[in-house]
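Colleague: I have a model open on my screen and would like to learn how to read it. Could you walk me through it, feature by feature?

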Amino acid sequence: MDVEVTNVSSHGFWLLISKTEKFVSFKAFPWFRDASIAQLTNVALPRPHHLYWPDLDVDLAVDSLDHPERYPLASRAQPDDRPKSALAAAREPRAVYKRVRGSRRGSAPGR
C-alpha cells in the first residue's frame, strides 16, 4: 500500500493513502506542527492501518485521522531548543504591545 503527502498548509497536511485523501490537522496532531517538509513527507504505511514517520518517531493508526477523539494524545516528548521550521515560525504569535493611556515612563500615577 502506498502513502504520500500531497499538500501542506499552515493548518495541517493531506495524506493520500491508497486512493483516499485524509487531512492531518496540526491542532489535532500537534507533534507535526514544527516538523520540516522533509520530515512530514518521509512517511511509511508498514501495515494497512498503521502510519509511521521514522524521522519524527511518530506512529499513528489510520483510524485516528478520522476519529482523533478516540485516541487521546499521549506524548512523553519534552520541549527542545531546535530551530523551528519556516512554516512553524510564520505561525508563531507575535507580541503585541499596547500603550496604556497615562502610563508614560517617569510620570506619576493619575497624571
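Colleague: Which strands form the open sheet, and in what order?

Modeller: In general, strands of a sheet pair through backbone hydrogen bonds, either parallel or antiparallel. In this predicted model, 3 strands make up an open sheet in the order 4-5-6, with antiparallel pairing. Strands here are DSSP runs of E with at least two residues, numbered from the N terminus, and two of them pair if DSSP finds at least two bridges between them.

Colleague: Which strands stand at the edges?

Modeller: Strand 4 (44–47) and strand 6 do; each has a single partner strand, so one side of each is left without a neighbour in the sheet. On average, neighbouring strands of this sheet are turned by 30° against each other, direction ignored. The axes behind that angle are lines fitted to C-alpha atoms, and angles run from 0 to 180 degrees between N-to-C directions.

Colleague: How many bridges join the strands of this sheet?

Modeller: Strand 4 and strand 5 pair over 2 bridges, and alanine 44 stands opposite tyrosine 52 in strand 5. A hairpin of 2 residues connects strand 4 to strand 5. Strand 5 and strand 6 pair over 4 bridges, with leucine 51 opposite leucine 60 in strand 6. Their hairpin has 4 residues between the strands, and aspartate 57 in the turn has a positive phi of about 55°.

Colleague: What about strands 1, 2 and 3?

Modeller: Strand 1 runs antiparallel to strand 2, joined by 5 bridges, and glutamate 4 stands opposite leucine 16 in strand 2. The hairpin from strand 1 to strand 2 passes through 3 residues. Strand 2 in turn is antiparallel to strand 3 (residues 20–25), over 6 bridges, where phenylalanine 13 has valine 24 as its bridge partner. In that hairpin, with 2 residues between the strands, serine 18 takes a positive phi near 45°.

Colleague: Serine 25 caught my eye; what does its side chain reach?

Modeller: Serine 25 lies in strand 3, and its side chain reaches the backbone nitrogen of lysine 27 at 3.0 Å. Setting aside neighbours within four places in sequence, serine 25 is in contact (heavy atoms within 4.5 Å) with His11 and Gly12.

Colleague: How should I read the nonpolar core, and which residues have the most contacts inside it?

Modeller: A nonpolar core is a set of buried Ala, Val, Leu, Ile, Met, Phe, Trp, Tyr and Cys residues joined through side-chain atoms within 4.5 Å; buried means under 20% relative accessible area with a 1.4 Å probe, protein chains only. The largest one here has 19 residues, and Phe13, Leu15, Phe32, Leu51 and Trp53 have the most contacts inside it. Strand 1 (3–8), strand 2 (12–17), strand 5 (50–53) and strand 6 (58–61) each give two or more residues to this core. Its largest share, 3 residues, comes from strand 2.

Colleague: And which residues is phenylalanine 32 in contact with?

Modeller: Beyond its neighbours within four places in sequence, phenylalanine 32 is in contact with Phe13, Val24, Phe26, Leu40, Trp53, Leu56, Val58 and Leu60.

Colleague: Any notes on conventions?

Modeller: Residues are numbered from 1 along each chain as its sequence is written, and side-chain values use heavy atoms, with hydrogens and water left out. Local features need pLDDT of at least 70 and side-chain atom pairs count only at pLDDT 80 or more, while totals for chains, interfaces and linings use all residues.

Conventions: Buried < 20%, exposed > 50% of the residue type's maximum accessible area, 1.4 Å probe, protein only. Polar contact = N/O pair within 3.5 Å; in protein donor to acceptor, adjacent residues only side chain to side chain.
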